[in-house]
Amino acid sequence: MQDILQGIVLDWCTQQHITLAGKTILCAVSGGQDSMALLHVLLYLGKDEGFAVAVAHYNHQLRETATQDEALVRHHCATLGIPFFTDSGDVRGYAKAHGTSIEDSARTMRYAFLQRTAQECGADYIATAHHRQDNAETLLLHLLRGSGLHGLGGITPVRGNIIRPLLQADRADIERYIAE
């Protein structure tokens, strides 16, 4: 299964005309299964393809387990010797101050952190663990909100320095990878 996810990521890079050799990838890791799987796939590929991986974790302070999630990712990175960057913010306060939803506020704060961190650590790309089912869910939400043609495209595979190398992977592939 490891080879299947690696193949999906390599095929995705070829389709998107992305060369990773000699680059640094900042992997956004929440501590959940999808992002932990992406981290491991990138670590394996990095050895073969000649790129470095660092990890960024944003603590949204929204869940009771948020501190535990951060500690898990921090410990995992320390064990593997991976550079680890973290930050946190008051998402609820931000949402109230800006009149935005919790989800939109969390996304805005997380991506601002990821961009700052990528610049500070010299990362060429920021990788997120969005997969095929996330894309389908996003497309459905856009349809329900009455989105125009732009929104019907779902999650973009590449947006500036943000890449989504698991976008062609099924959640089931990721779950099998984790099980193995």
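In this predicted model, Thr24 stands opposite Ala52 in β2. That pairing belongs to a stretch in which β1 and β2 run parallel and are joined by 5 bridges. Of the 5 residues of β1, 4 are buried, so this strand is largely enclosed by the rest of the structure.

**The sheet and the helices on it**

The open sheet to which these strands belong is formed by 6 strands in the order β3-β2-β1-β4-β6-β5, and its pairing is mixed. Its edge strands, each pairing on one side only, are β3, which covers residues 84-88, and β5, which covers residues 158-159. On the β3 side, β2 and β3 run parallel and are joined by 5 bridges, and within this pair Val55 has Phe84 of β3 as its bridge partner. Helix α3 packs on the sheet, where it touches β2 and β3, and the direction of α3 makes about 165° with that of β2. Helix α5 also packs on the sheet, and its contacts take in β1, β2, β3, β4, β5 and β6, the last of these covering residues 162-163. The direction of α5 makes about 145° with that of β2.

**Nonpolar cores**

In soluble globular proteins, nonpolar side chains tend to be buried together. The largest nonpolar core of this model holds 33 residues, and the members that touch the most other members are Leu5, Leu42, Val55 and Leu166. Two or more residues come to this core from each of α1 (2-16), β1 (24-28), α2 (33-49), β2 (52-59), α3 (66-80), β4 (125-127) and α7 (171-179). Among these elements, α2 gives the most, with 7 residues. Another core, of 15 residues, lies apart from the largest one and includes Val91, Met109, Phe113 and Leu114. Val55 thus appears in two settings, as one of the residues of the largest core that touch the most other members and as the bridge partner of Phe84 in β3.

**Packing of α2 against α7**

Two packed helices are described by the angle between their axes and the distance between the axes. For α2 and α7, the angle is about 70° and the axes lie 10 Å apart, and the two helices are therefore roughly perpendicular to each other. On the α2 side the contact is made by Gln33, Asp34, Ala37, His40, Val41 and Tyr44, and on the α7 side by Arg171, Ile174, Glu175, Tyr177 and Ile178.

**Salt bridges**

Side chains of opposite charge can pair when their charged atoms come close. A search of the whole structure finds 8 salt bridges, and the table lists some of them with the separation of their closest N and O atoms.

| Salt bridge | N to O distance |
|---|---|
| Arg63 and Asp69 | 2.3 Å |
| Glu103 and Arg107 | 3.1 Å |
| Arg171 and Glu175 | 3.4 Å |

In the pair of Arg63 and Asp69, the arginine is exposed, with a relative accessible area of 52%, whereas Asp69 counts as buried at 19% relative accessibility. The value for Asp69 can be read against a cut-off of 20%, under which a residue is called buried.

Glu103 and Arg107 lie 4 residues apart in helix α5, which covers residues 102-121, so that about one helical turn separates them. Glu103 is partly exposed, with a relative accessible area of 47%, and Arg107 is partly exposed as well, with a value of 33%.

Arg171 and Glu175 are likewise 4 residues apart, here in helix α7, and are separated by about one helical turn. Arg171 is partly exposed at a relative accessible area of 23%, and Glu175 is partly exposed at 39%. Salt bridges that share partners join Asp34, Arg171 and Glu175 into one network, and these three residues are also among those that make the contact between α2 and α7.

**A buried threonine in a loop**

Thr128 has its place in the loop between β4 and α6, the latter covering residues 132-144. With a relative accessibility of 6%, Thr128 counts as buried. Leaving aside residues up to four places away in sequence, Thr128 touches Ala28, Leu38, Tyr111, Ile162, Ile163, Arg164 and Pro165. Of these partners, Ile162 and Ile163 fall within the range of β6, while Ala28 falls within that of β1.

How values were computed. Residues numbered from 1 in each chain as written. Predicted model: local features only at pLDDT ≥ 70, side-chain atom pairs only at ≥ 80, totals over all residues. Heavy atoms only, no water. Core = buried A, V, L, I, M, F, W, Y, C linked by side-chain atoms within 4.5 Å. Buried < 20%, exposed > 50% of the residue type's maximum accessible area, 1.4 Å probe, protein only. Salt bridge = Lys/Arg side-chain N within 4 Å of Asp/Glu carboxyl O. Pairing = 2+ DSSP bridges. Contact = heavy atoms within 4.5 Å. Axes fitted to C-alpha atoms, helices over the stretch in contact; angles between N-to-C directions. Parallel < 35°, antiparallel > 145°, perpendicular 65-115°, else oblique.
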